[in-house]
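Subject: Structure for your review

Dear colleague,

Please find the structure below, handed over for your study. I would be grateful if you kept it open while reading the notes that come after it.

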Amino acid sequence: MIVMFYGEVKKFTNGDNLIKVDALYDLNSLIDKLSELYSKDFHKIVTENEWLILINGEATTTTGAMNTRLKEHDKIEILPMAETG
Amino acid sequence: MINEKYIKVLYINLETEKIHIEHREDLMQYLGGVGIASKLFLENLKPDLPPMDAEQPIVFAIGAATYVFPVITKTVAMFISPLTGELGESYAGARLAMTLLMAGYDAVVITGKAKKQSYLSIATNNVSVKDARAIWGLSVTEVGQYIRDRERHKGQADGKRSILYIGPAGENGVSFAGVTVDTYRHFGRLGLGACMGAKNLKAISVYGNRSIPILNHKKYLKLYQQLYKKSTVTEYMAKYHDSGTPENIMPLNKGGGLPTRNMRTNSFEEAGRVCGESFALKNLVRKMSCTGCPVGCIHIGMYRREFDKGHEYEAISVSYDYELIFALGIFLGISNTDSIIALINEVEEYGLDAISTGVCLGWATDALEKGYITDEDTLVNLQFGKPEAYITAIGNLAKGVNAFYQALGKGSRHAASIYGGGEFAMQIAGNEMAGYHTGYGSLVGAAVGARHSHLDNGGYSLDQNNEAFDEDKYVDALFTEECERCMTNSLIMCLFARKIYDRQTIIDSLNALGWTLTDEDLTAIGRRIYKIKLEIKKALGFRQMGVKIPKRFFETPSMNGILDEDVVKSMIRKYSEKTEEFLTSEGD
């Protein structure tokens with residue numbers, strides 16, 4: 001599957017904006033994998049709802065939480081949440 | 001008042017020119033900011049008189065920790081909104097909070113209508129109403145220059161003065177006219193500019209020269225340094241300094257929550273051309289901060305405008321952020337950064353709220369295309385993606401050149417009530433939508449929020465988290481966050497800093513200034529303030545169950561898919577029941 005990173009997320013991926021990883025069972029295991037590849041901060045921040053996660057263009061809120069099932073050719077996009085003040 | 005056990009309130013009656021000061025110990029229970037502003041507003045409100053009646057109050061207030069800690073930079077204004085007919089509440093940064101603090105006033109209550117066109121000069125121990133007939137009708141830039149030249153105080157450094165002023169839109173009573181503060185910040189939403197115009201008040205100059213001793217200097221300094229570090233060298237505020245809030249454009253576009261062309265769609269095919277990165281590469285010339293903030297989130301963009309033949313150019317610079325790019329760019333289908341800056345500049349000069357202006361013009365474009373209105377109404381051929389006609393329309397709107405623009409100047413809900421097309425007038429409870437079509441959180445949050453803003457309860461954040469939607473949990477979360485923001489807005493910190501100022505940090509900060517507050521106290525303060533706001537809304541006739549949401553909100557998919565109207569109604573009903581119960585409960 002393809003995992004794409006946008007904006008400030010790239011600070012946690014050493015500037016990578018796209019990686020390919022083997023298909024994983026669910027979103028939680030993908031985040032574990034990214035944390036292993038990059039840093040533990042990645043796991044912590046993602047799971048604290050700092051980022052928006054899209055699976056094939058759909059926000060994860062429509063499909064459930066971190067146990068969302070993933071398929072081999074899924075495109076995962078991780079972006080900063082939209083916020084203002 | 002920092003170091004004191006009272007809130008110092010300056011009362012100004014513009015009609016009688018009588019001025020007096022009260023030291024209000026009873027207001028300390030509201031902490032400051034929106035807490036004291038709400039209480040003072042309720043005390044002076046005349047619910048039976050029209051919103052623009054001279055007797056209606058305008059209240060400004062600063063917070064309990066204004067300026068003495070980083071990013072605590074905002075001033076709140078409360079008024080009756082001519083746009084919604086109920087609670088008007090707006091926040092602005094720049095130098096205003098600092099100068100009010102240095103002038104020695106926690107709050108200013110303005111009533112009455114000046115006998116002639118005037119401006120107010122507020123300084124330490126010196127307040128006067130001055131003649132503004134010579135500057136009535138001037139644009140925002142011109143009036144700013146005039147007041148800056150005239151309002152000089154002995155020994156003054158410019159940094160200790162703040163000026164707020166209205167443009168022609170406020171004078172002409174456009175219901176969403178804003179107030180400009182120190183050139184680049186605004187009380188934008190809900191029509192404070194029209195309220196000032198109705199009082200014959202063109203501008204307010206505030207000058208302060210006090211110094212404020214810090215009683216527990218050691219404790220204060222240690223905490224200040226920690227907060228400064230958190231604000232500048234950690235990730236918390238980095239994105240606000242880097243490309244700023246326009247960074248929102250790509251996530252919203254990717255996720256399908258970006259209202260485009262009067263929200264006909266939820267994404268913009270040319271989003272990449274108007275995102276933060278594009279503005280930064282093409283137009284960004286500098287970054288600025290409000291006084292007391294080390295972040296530098298105000299992004300100034302510039303473009304070169306040809307104002308005459310023969311290679312005659314001028315540099316136009318404005319501050320830009322996400323909401324402005326959304327409303328005057330994406331919502332109107334415009335994908336050129338220079339054109340968006342030109343539109344922002346036009347809105348600035350006339351003193352209009354950018355969000356309402358863009359959303360009203362989006363409705364007008366759709367209404368023209370669908371035949372609800374004609375070219376004879378709009379006077380120009382409004383078309384999505386064509387900035388030139390919008391430039392002209394903004395001037396027409398601010399000046400109210402004909403019956404159509406006068407109606408549009410009362411908001412899209414009002415215009416649609418006359419011409420039709422209410423199903424695509426993208427307002428909620430009369431307030432034009434902000435740039436988030438993220439899901440149930442944003443829609444219901446705006447419907448029930450005190451000022452119908454996405455910032456009342458952060459519903460759009462709920463929609464973007466990774467948890468499954470749950471109706472009851474969302475309703476509870478919106479209510480809790482609304483109370484929480486009442487508390488944080490009593491400080492008044494910039495909402496960008498909400499991750500820096502967690503509960504314990506707020507307690508430590510306030511206690512370093514002499515308060516003795518606990519976590520429970522902060523919860524009680526938030527609830528107490530929200531209760532007053534609900535009382536104000538009730539007094540002005542607002543009922544949550546009465547909010548009618550335009551159809552298009554249920555037709556265009558949100559970030560979380562198509563929204564079900566029945567679910568939204570159910571959530572509003574549950575929220576309404578919750579607030580009714582809250583209003584009749586004892587305590588707080």
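The following paragraphs set out what was found, beginning with chain A, then chain B, and ending with the contact between them.

Please bear in mind that this is a predicted model.

Chain A

Chain A contains an open sheet of 5 strands with mixed pairing, in the order β2-β1-β5-β3-β4. Strands β2 (18-20) and β4 (58-59) of chain A are at the edges; each has a single partner strand, so one side of each has no neighbour in the sheet. Strand β1 (residues 2-5) of chain A is joined to β2(A) by 3 bridges, and the two pair in the antiparallel sense. In this pairing, A:Met4 is found opposite A:Leu18 of β2(A). As general background, strands of a sheet pair through backbone hydrogen bonds, either parallel or antiparallel.

Helix α1 (residues 27-37) of chain A lies across four strands of that chain, namely β1, β2, β3 (51-55) and β5 (75-80). The helix runs at about 65 degrees to β1(A).

Chain B

In chain B, an open sheet of 6 strands follows the order β8-β7-β12-β9-β10-β11, again with mixed pairing. Its edge strands are β8 (126-131) and β11 (185-187) of chain B, each of which pairs on one side only. On average, neighbouring strands of this sheet are turned by 20 degrees against each other, direction ignored. Strand β10 (residues 179-181) of chain B runs antiparallel to β11(B), and 3 bridges join the two. Here B:Thr180 is placed opposite B:His186 of β11(B).

Helix α3 (residues 140-150) of chain B lies across β7 (118-123), β9 (161-165), β10 and β12 (201-207) of chain B, and runs at about 145 degrees to β9(B).

Further along, helix α21 (residues 519-539) and helix α23 (residues 565-584) of chain B have axes that come within 10 Å and cross at roughly 105 degrees. Angles of 65 to 115 degrees count as roughly perpendicular, which is why α21(B) is described as roughly perpendicular to α23(B). Residues in the contact include B:Tyr530 and B:Leu534 of α21(B) and B:Tyr575 and B:Phe582 of α23(B). By class, this contact of α21(B) with α23(B) has 5 nonpolar, 1 polar and 5 charged residues.

The two chains together

How many residues does each chain give to the contact? Chain B contributes 32 residues and chain A contributes 28 residues. Between them the chains bury about 2600 Å², 50% of it on carbon and sulfur atoms. Across this interface 1 salt bridge is found: B:Lys254 pairs with A:Glu77, with the closest N and O atoms 3.1 Å apart.

With kind regards

Note on methods
Residues numbered from 1 in each chain as written. Chains lettered and ligands numbered in written order. Predicted model: local features only at pLDDT ≥ 70, side-chain atom pairs only at ≥ 80, totals over all residues. Heavy atoms only, no water. Pairing = 2+ DSSP bridges. Axes fitted to C-alpha atoms, helices over the stretch in contact; angles between N-to-C directions. Contact = heavy atoms within 4.5 Å. Parallel < 35°, antiparallel > 145°, perpendicular 65-115°, else oblique. Nonpolar A, V, L, I, M, F, W, Y, C, P; charged D, E, K, R; others polar. Buried area = accessible area lost by both parts, 1.4 Å probe. Salt bridge = Lys/Arg side-chain N within 4 Å of Asp/Glu carboxyl O.
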